[in-house]
Amino acid sequence: MSFEIRLGVRAFRQAGPGSYLIAVDPSHSTGFLWANPWPGRIGTLNARFLPYANANRMILSTASLVTPRTIFFVADPEVIKQVASDRTGIYEKDPQTYQVLNVYGHNIVSSNSLLWKKQRDAARSAFSEGHAQLMWKESCFAVREAIALLGAGKTPQTIDIPVFLRKVVLTAMSAGSYGRRLSYGTDIQDVTPHGFTQPFGVSLQTASEYMVPKWAIPRIAYKLPIPALQKFLSHMTRSYDELAKHFQGMIEETRLTLDQDDNFKESDDLYYNNLLRRLVAANTLEKHPSKRLTDKELLSNVYIFLLAGHETSAHTLSFILAHLALYPEVQNKVYEEIIGVWPTEEDAIFGTEEYTLAVIRESLRHFPVAPRLPKVALRDTILHSKGHGEFQPVTHVVPKGSVVLFGGVKTRKNSVRNGLLIRQIIAGLVMPSLPFSAGSRSCIGQRSGQAQIIGIMANLLRFYEIVPPSDLVDLPFAQRRDALLKCWLGSSLSPSDIKLVFSPRVKQL
Ligand code: HEM
């Protein structure tokens with residue numbers, strides 16, 4: 001028996017009651033394979049809460065033959081919170097999973113310990129409440145420009161929602177976090193700058209879609225005389241190279257604006273003193289070697305912040321709009337709240353929209369864009385779920401090296417049932433989900449992301465009613481829902497095909 005198989009069998013033995021062997025480690029970067037082809041299995045996208053419900057347990061154990069290690073799937077929110085917020089050093093992010101993000105070097109999402117801390121410290125001050133307000137304004141600005149280009153709400157339009165939103169969010173983030181106010185209409189998607197062969201938006205999109213192949217395809221494949229493969233590899237490589245060139249250009253420009261003599265000053269002008277400037281300062285001006293970002297880390301963070309911020313927000317908002325089209329009564333309530341909170345454009349301030357925030361949380365509960373958050377145990381420990389209702393209390397011994405994995409899509413109780421539970425969310429009756437994770441490694445951009453989402457949603461709803469396309473309207477509800485909410489797992493949970501009609505409101509604000 002090979003060494004790996006022996007380790008796998010040992011992991012299986014350690015895994016405890018209810019455990020079974022799996023071929024692919026879902027917490028590993030190749031785990032996207034696990035996401036799609038085996039419906040209903042633990043960790044697969046369509047398994048929902050059922051594996052936990054069937055076992056009457058909120059912790060399930062599996063063992064992977066490939067990696068080989070024991071993997072604990074956890075759906076108990078209390079246990080998730082406990083592991084995510086661990087400050088005793090028992091758990092850290094699983095480095096195997098996050099390798100895939102290190103295309104340009106280490107970054108804030110993929111690192112642990114002191115390496116992570118210096119990157120978080122470099123970025124922290126860029127994510128103030130003021131930044132969330134700025135992101136709100138820039139999102140409103142970007143989406144209003146997009147709406148104007150669609151004919152300012154005069155005629156119905158069928159929109160490819162993820163494509164539309166990725167563009168709007170990228171425009172907003174480029175201004176709010178990178179200090180570059182682009183034009184939605186031209187700069188991002190359509191214009192190839194001098195010296196480049198692809199527009200920035202195309203390079204970014206390709207880089208995000210090809211992240212796993214880029215990491216997984218061995219060097220030898222680049223030498224194989226297979227034309228289709230070579231065409232694919234050359235497109236992929238070019239996209240990553242061009243993206244790096246775009247980022248290097250932005251970094252160099254920013255370096256020039258930093259005053260070398262007077263040092264980097266704190267300033268209230270968040271547009272000027274944006275995230276990019278703070279990251280470049282941490283590379284260029286930081287004197288202390290243990291706090292300084294290397295050139296590679298700088299490039300990698302410029303990339304990862306854009307990836308972490310733009311795709312997550314655009315995809316979350318895509319699922320939200322699909323839900324609003326499926327549930328017109330929810331859409332009406334959001335609309336009412338929006339006109340109540342923002343009677344005129346000038347008065348619009350982001351902050352207190354309870355129902356709208358609950359809709360976002362509920363949509364994220366069903367479709368968490370970061371559905372798999374694996375932590376590795378650095379020493380032997382235990383996991384204990386107290387049990388809830390029909391769910392038995394369980395205690396698992398967790399051997400050092402095991403992985404504790406939160407999630408899988410819809411791994412929360414109540415997700416077995418379909419439908420949106422907005423009122424129950426507001427009343428605190430639904431088990432909490434943690435779509436932004438928890439503890440020190442929780443999402444640094446949570447508030448900014450929410451600001452973007454609400455800003456875009458609010459402006460769209462003021463102009464349009466959002467409805468399913470005509471080919472879905474006459475289908476039974478369940479089929480319509482399944483058609484709109486198909487998804488796949490790439491670098492984040494991605495909508496497969498959401499097309500919706502923006503139908504102008506009779507009376508626009
Ligand atoms: C709806 C929108 C968003 C969702 C659902 C979301 C979710 C998450 C989750 C679950 C994590 C933990 C990831 C892990 O443990 O591997 C995370 C981390 C992170 N997010 Fe977000 N995110 C969103 C928006 C944003 C935005 C707008 C930004 C930045 C502009 C951002 C930047 C980051 C970064 C840098 C981390 C790593 C933090 C660290 O490890 O210190 N995210 N996010």
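**View 1. The residues around the ligand.** Of the 23 residues that surround the ligand in this view, the ones that come nearest are G309, T312, C443, G445 and G449. The elements that contribute two or more residues to this shell are α13 and α17, the latter covering residues 446-463. The most is given by α13, which supplies six residues to the shell around the ligand. Sorted by class, the shell holds twelve nonpolar residues, nine polar residues and two charged residues. As in the other views, what is shown here is a predicted model.

**View 2. The chain as a whole, as a setting for the close-ups.** The secondary structure of the chain amounts to 19 helices and 13 strands. Of its 509 residues, 46% count as buried. When contacts in the chain between residues at least 6 apart in sequence are considered, 74% of them join residues that are at least 24 apart.

**View 3. Helix α9 and what covers it.** Helix α9, which runs through residues 200-209, is mostly covered, with seven of its ten residues buried. These buried residues are F200, G201, S203, L204, Q205, A207 and S208. The cover over them includes α8 (161-178) and α10 (211-216), together with α11 (227-257) and α13 (295-326).

**View 4. The crossing of helices α7 and α8.** The axes of α7, which spans residues 129-149, and of α8 come within 8 Å and cross at roughly 140°. Because of that angle, α7 counts as oblique to α8. The crossing in which α7 passes α8 is right-handed. On the α7 side of the contact stand L134, M135, E138, S139, A142, V143 and A146, and in α8 they meet V168, T171, A172, A175 and G176. Taken by class, the residues of this contact divide into eight nonpolar, three polar and one charged.

**View 5. Y327 in the loop between α13 and α14.** Y327 has its place in the loop that lies between α13 and α14, where α14 covers residues 328-341. Is Y327 buried, exposed or partly exposed? Y327 is partly exposed, because 18 other C-beta atoms lie within 10 Å, whereas a buried residue would need 20 or more and an exposed one would have 12 or fewer. Although Y327 and R481 are 154 residues apart in sequence, their C-alpha atoms are 9.8 Å apart in space.

Technical notes: Residues are numbered from 1 along each chain as its sequence is written. This is a predicted model: local features need pLDDT of at least 70, side-chain atom pairs count only at pLDDT 80 or more; totals for chains, interfaces and linings use all residues. Helices (H or I, at least four residues) and strands (E, at least two) are DSSP runs, numbered from the N terminus. Two residues are in contact if their C-beta atoms, placed from the backbone, lie within 7 Å. A residue is near a molecule or strand if its C-beta atom, placed from the backbone, lies within 6 Å of it. Ala, Val, Leu, Ile, Met, Phe, Trp, Tyr, Cys and Pro count as nonpolar, Asp, Glu, Lys and Arg as charged, and the others, Gly among them, as polar. Axes are lines fitted to C-alpha atoms, for helices over the stretch in contact, and angles run from 0 to 180 degrees between N-to-C directions. Angles under 35 degrees count as roughly parallel, over 145 as roughly antiparallel, 65 to 115 as roughly perpendicular and the rest as oblique. A crossing is left-handed if the near helix is turned anticlockwise from the far one by less than a right angle, and right-handed if clockwise.
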